[in-house]
Amino acid sequence: MIREVKDNTLYFDGCSTVELAKKYGTPLYVFSETAIHREFEELNATFVSKYPNTRVAYASKAFCTVAMYRLCQANNACIDVVSGGELYTAMQAGYPAEKIEFNGNNKQPEEIAMALDYGIGRFIVDGLQELTLLEAMCAERGKTANVLFRITPGVKSDSHDYIVTGKKDSKFGIPLDDDVIYPQVKQAIDAAHINFMGFHFHVGSQLFDNGSHLQALDIMLNVVKTVKERFHYDVTELNLGGGFGAVYTTEDRKPYAYFLDPMMERIEAFFKEMGINRPNVVIEPGRSIAAEAGLSLYTVGNIKEIRDVRKYVAVDGGMGDNIRPALYQAVYDGVLANKADVPKDDVATICGKCCESGDILIRDLAMAPAESGDLLAIFSTGAYGYSMASNYNRNRIPAVVFVKEGNDRLVVKRQSYEDILRNEIF
Ligand code: LLP
């Protein structure tokens with residue numbers, strides 16, 4: 001059990017959360033290495049080992065640090081980066097260049113230059129200007145880039161509007177109009193410094209239904225067929241993105257196989273029928289690897305009871321370390337970690353310390369009656385928490401601690417006030 005209760009205290013991967021809070025202070029991000037390893041193990045067992053020529057490229061945007069990259073590397077994964085910053089982090093972690101794939105809808109010339117000079121494995125190209133730029137930059141360097149095109153499949157996924165990416169009206173991907181996509185494919189096939197490998201889609205995030213993945217796949221396979229017919233060109237790689245849902249409260253999480261088996265079945269049948277070798281297949285999970293592996297610890301401060309309305313329990317963090325409730329109305333669960341056995345007889349709303357009414361972390365949480373000084377744990381904050389953290393109100397970004405079987409290690413220090421002023425000139 002990653003999460004357990006002993007002596008009225010919440011333990012996470014063998015570590016007492018109360019001791020972690022004492023040692024490192026709060027707010028604090030805590031990640032279970034065991035939980036992260038288990039995700040990779042499941043992916044390896046049910047996908048990578050089951051189907052030849054497949055790989056996992058962890059979507060770094062969910063949680064990106066050098067320490068996380070080391071875990072990815074230990075699990076033999078590739079990584080997906082979307083910015084110079086993520087790429088730089090990977091370079092500092094010594095990530096093997098060929099195992100890095102570069103996504104993003106508006107890659108900057110200096111980011112492309114960094115990636116080319118480091119020699120990364122794949123560019124997932126998001127449009128004509130990028131293709132032209134990449135081709136020119138490769139030519140300048142006498143290099144060849146491995147390229148996939150991200151397509152806009154135009155499908156609907158069941159998730160928050162902000163994290164649905166495969167619909168037609170999207171800033172991501174290349175629209176599939178005949179006169180848009182195929183000239184670009186032709187340009188990529190003909191380009192001397194581009195090795196055109198195939199196509200990529202990512203339909204959305206936090207999904208529990210495989211329908212939109214399967215629809216997008218059919219659309220992508222149709223494009224593959226057209227490319228074969230028109231240009232006599234066989235693609236060598238397909239990328240199915242990520243989006244596999246994680247548990248925040250009571251969601252019924254689906255195993256990876258629920259998404260991947262039916263997709264692999266269709267892919268294998270399709271290429272068999274076409275009489276060509278099945279291309280490599282890549283997936284890009286982020287949230288499903290990091291979310292449940294992380295929790296956030298906060299110290300309770302002011303408690304306000306607004307008679308007949310609501311009780312507010314304020315903690316020492318908030319929207320700066322977890323923007324998701326404010327941005328996507330994301331719902332989380334939590335517990336008083338130092339009163340983990342106390343019956344949850346009270347209901348309170350957990351708010352942060354930012355000067356903003358929307359700075360609510362959990363609405364109407366059933367919890368043990370809170371007192372100032374209690375420790376609150378919020379679960380499943382591992383994905384898109386630290387990675388979307390901000391210095392709003394000049395609060396410091398919390399530290400990150402990794403725990404594993406009762407041992408803890410600091411992997412990111414809490415920001416200092418000096419860090420916040422570092423780039424100011426005065
Ligand atoms: N690949 C691509 C090209 C993506 O755009 C994304 C996520 C992923 C992979 C990983 O998706 P995942 O497996 O994590 O669902 N900040 C939002 C999530 C934005 C996701 C954007 N793209 C949130 O906190 O919910």
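This passage describes the domain arrangement and the ligand site of a predicted model.

The chain is divided into two domains. Domain 1 is assembled from two segments, 3-31 and 293-420, whereas domain 2 is formed by residues 51-287. Contact between the two involves 18 residues of domain 1 and 15 residues of domain 2. Taken over C-alpha atoms, the centres of domain 1 and domain 2 are separated by 34 Å.

The ligand lies between domain 1 and domain 2, because both domains give residues to the shell around the ligand. The space that the ligand takes is the largest pocket. The surrounding shell comprises 19 residues, of which Ser205, Glu284, Arg287, Arg324 and Tyr384 come nearest to the ligand. By residue class, the shell divides into six nonpolar, seven polar and six charged residues.

Individual polar atoms of the protein can be paired with atoms of the ligand. At Glu284, a polar side-chain atom is placed 2.6 Å from a nitrogen atom of the ligand. Oxygen atoms of the ligand are approached by both side chain and backbone: a polar side-chain atom of Tyr384 lies 2.6 Å from a ligand oxygen, and a polar backbone atom of Gly286 is 2.9 Å from a ligand oxygen. Taken alone, the ligand exposes 590 Å², and 93% of that area is buried by the protein.

With respect to the domain bounds, Glu284 and Gly286 fall within the segment 51-287 of domain 2, while Tyr384 falls within the segment 293-420 of domain 1.

Methods: Residues numbered from 1 in each chain as written. Predicted model: local features only at pLDDT ≥ 70, side-chain atom pairs only at ≥ 80, totals over all residues. Heavy atoms only, no water. Near = heavy atom within 4 Å. Polar contact = N/O pair within 3.5 Å; in protein donor to acceptor, adjacent residues only side chain to side chain. Areas by Shrake-Rupley, 256 points an atom, 1.4 Å probe, with all protein chains shown as cover. 1 Å grid on protein atoms, 1.4 Å probe; cavity = no way out; pocket = protein on both sides within 12 Å on 5 of 7 lines; lining within 4 Å. Sits in = over half its atoms within 2 Å of the grid points. Nonpolar A, V, L, I, M, F, W, Y, C, P; charged D, E, K, R; others polar. Domains from an automatic or database assignment. Contact = heavy atoms within 4.5 Å.
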